[in-house]
Amino acid sequence: MTQLADLESDHSLSAIHVADSIRKNKVPNVRTVLIVLSVRGMALDVASLKQKVQLAYPGTEVYFMTTLGKYLGNSAPTSVDLLIDLSGPGTRQGLFFARRLRRRARVAVGRASSTFRKGAYDRVVEETFNSSKQDILIHEREVQRKVLASAGVAVIQAGDTHADRGKITPMELPPFKRL
C-alpha cells in the first residue's frame, strides 16, 4: 500500500537531501575564500555571505571582488583556497577574467555563463532562464544558492510558509479574553 506524503514531510525530506548534498560538496582545508559578486542582483548581502561562508568553513578569511576586479574591503592574497564566482551571463568583465581568477584558486566554483568559464572552473552550475515564466531576481537567487551549495556553503531559507490547510478560519475563532 502506497501512502502519499504531506507537504511538510516532502519539504523536510527535500531539506535533508539538500543538506546532505551540501555536506558532500565541502572543500577540505579552506583558509581563504574569494567571492566574485554578481552585478544583476544578490541573494544575500555581503555581511550575511561572509557569515554563511564562515559558518561552513570556520576560521576562514573571506574576500569580495566585483566583476571589474575591484575589491570590497581588504584585498585578497595572490592565491586563495576557494573561489566562488556568482557573476552571471552578460556581466561586464575582461575576456579572460575567469581564467585569471582560476589561476589564483585551488578550487573554483561558478556559473556556466560562458564557454571560458565552463572549462575554467572545477564545479560548474548550469542554469536556464525562461524570461516569460520567471523574474530575474528570483532566478538570480536560485542560481546563487545553487553555486553556494556546490561550494559547500549552506543557504537554507528559514520560515517557509505553506498553504493553510486548517478548517477554522480566524473569523470563526472565539474572542480573546483578557486575563
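This is a short talk on the fold, the cores and two buried residues of one protein.

Right, let's start. The model is a predicted one. The protein has 179 residues, and 35% of them count as buried. Its secondary structure comes to five helices and six strands. Along the sequence, the pattern reads α-β-α-β-β-β-α-β-α-β-α. One figure on contacts. Take those between residues at least 6 apart in sequence. Of these, 69% join residues at least 24 apart.

Now the sheet. How are the six strands ordered? The order is β3-β2-β1-β4-β5-β6, in an open sheet with mixed pairing. β3 and β6, residues 123-125, are the edge strands, and each pairs on one side only.

Let me walk across, starting at β3. β3 covers residues 71-72, and two bridges join it to β2. That pair runs antiparallel. M65 stands opposite Y71 of β3. β2 and β3 form a hairpin, with five residues between the strands. Look at G69 in that turn: its phi is positive, about 90 degrees.

Next, β2 itself. The strand spans residues 61-65, and four of its five residues are buried. On to β1, residues 32-36. Five bridges join β1 to β2, and the two run parallel. I35 has F64 as its bridge partner in β2.

Then β1 against β4. These two are parallel as well, over four bridges. V36 stands opposite D85 in β4. How many residues of β4 are buried? Six of the six, so the strand is largely enclosed by the rest of the structure.

From β4 we step to β5. Five bridges join them, and again the strands run parallel. V80 has A105 as its bridge partner in β5. Last step, β5 to β6: three bridges, parallel. Here G110 is partnered by V124 of β6.

Helices next. α2 covers residues 46-56, and with β1 and β2 it makes a right-handed β-α-β unit. α2 lies across β1, β2 and β3. Its direction is about 145 degrees to β2. For α5, the strands beneath are others: α5 lies across β4, β5 and β6. The angle of α5 to β5 is about 155 degrees.

Now the cores. In soluble globular proteins, nonpolar side chains tend to be buried together. Here the largest nonpolar core has 24 residues. Which residues have the most contacts inside this core? They are I35, L49, Y57, L82, I84 and L148. Several elements feed the core. β1, α2, β2, β4 (80-85), β5 (105-111) and α5 (136-150) each supply at least two residues. Another core lies apart from it, with 14 residues, among them V36, M65, L83 and A120.

Let's zoom in on I35. Leave aside neighbours within four places in sequence. I35 then contacts L49, V53, V62, Y63, F64, M65, I84 and L86. F64 in that list is also its bridge partner.

Two more residues, then I'm done. First, V30. V30 sits in the loop between α1, residues 7-24, and β1. Buried or exposed? V30 has 9% relative accessibility; the cut-off for buried is under 20%, so V30 counts as buried. What does V30 touch? Beyond residues up to four places away in sequence, V30 touches Y57, T60, D81, L82 and R106. Y57 and L82 should sound familiar: both are on the list of residues with the most contacts inside the largest core. One distance, too. V30 and P58 are 28 residues apart along the chain, and their C-alpha atoms are separated by 8.8 Å.

Second, R111. R111 is in strand β5. Its relative accessible area is 0%, so R111 is buried. What does the R111 side chain reach? One partner is the backbone oxygen of L86, at 2.9 Å. Another is the side chain of E140, in a polar contact at 3.0 Å. L86 came up earlier, as a contact of I35.

To wrap up. We have an open sheet of six strands with mixed pairing. α2 lies across β1, β2 and β3, and α5 lies across β4, β5 and β6. There is a largest core of 24 residues, and another of 14. And there is a buried arginine, R111, whose side chain makes a polar contact with that of E140. Thanks, that's it from me.

Definitions and conventions:
Residues are numbered from 1 along each chain as its sequence is written. This is a predicted model: local features need pLDDT of at least 70, side-chain atom pairs count only at pLDDT 80 or more; totals for chains, interfaces and linings use all residues. Side-chain values use heavy atoms; hydrogens and water are left out. Buried means under 20% relative accessible area, exposed over 50%, partly exposed in between (1.4 Å probe, protein chains only). Two strands pair if DSSP finds at least two bridges between them. A crossover is right-handed if, with the strands pointing away from the viewer, the path from the first strand over the helix to the second runs clockwise. A nonpolar core is a set of buried Ala, Val, Leu, Ile, Met, Phe, Trp, Tyr and Cys residues joined through side-chain atoms within 4.5 Å. Contact means heavy atoms within 4.5 Å. Axes are lines fitted to C-alpha atoms, for helices over the stretch in contact, and angles run from 0 to 180 degrees between N-to-C directions. A polar contact is a pair of N or O atoms within 3.5 Å; within protein, one must be able to donate a hydrogen and the other to accept it, and residues adjacent in sequence count only if both atoms are side-chain atoms.
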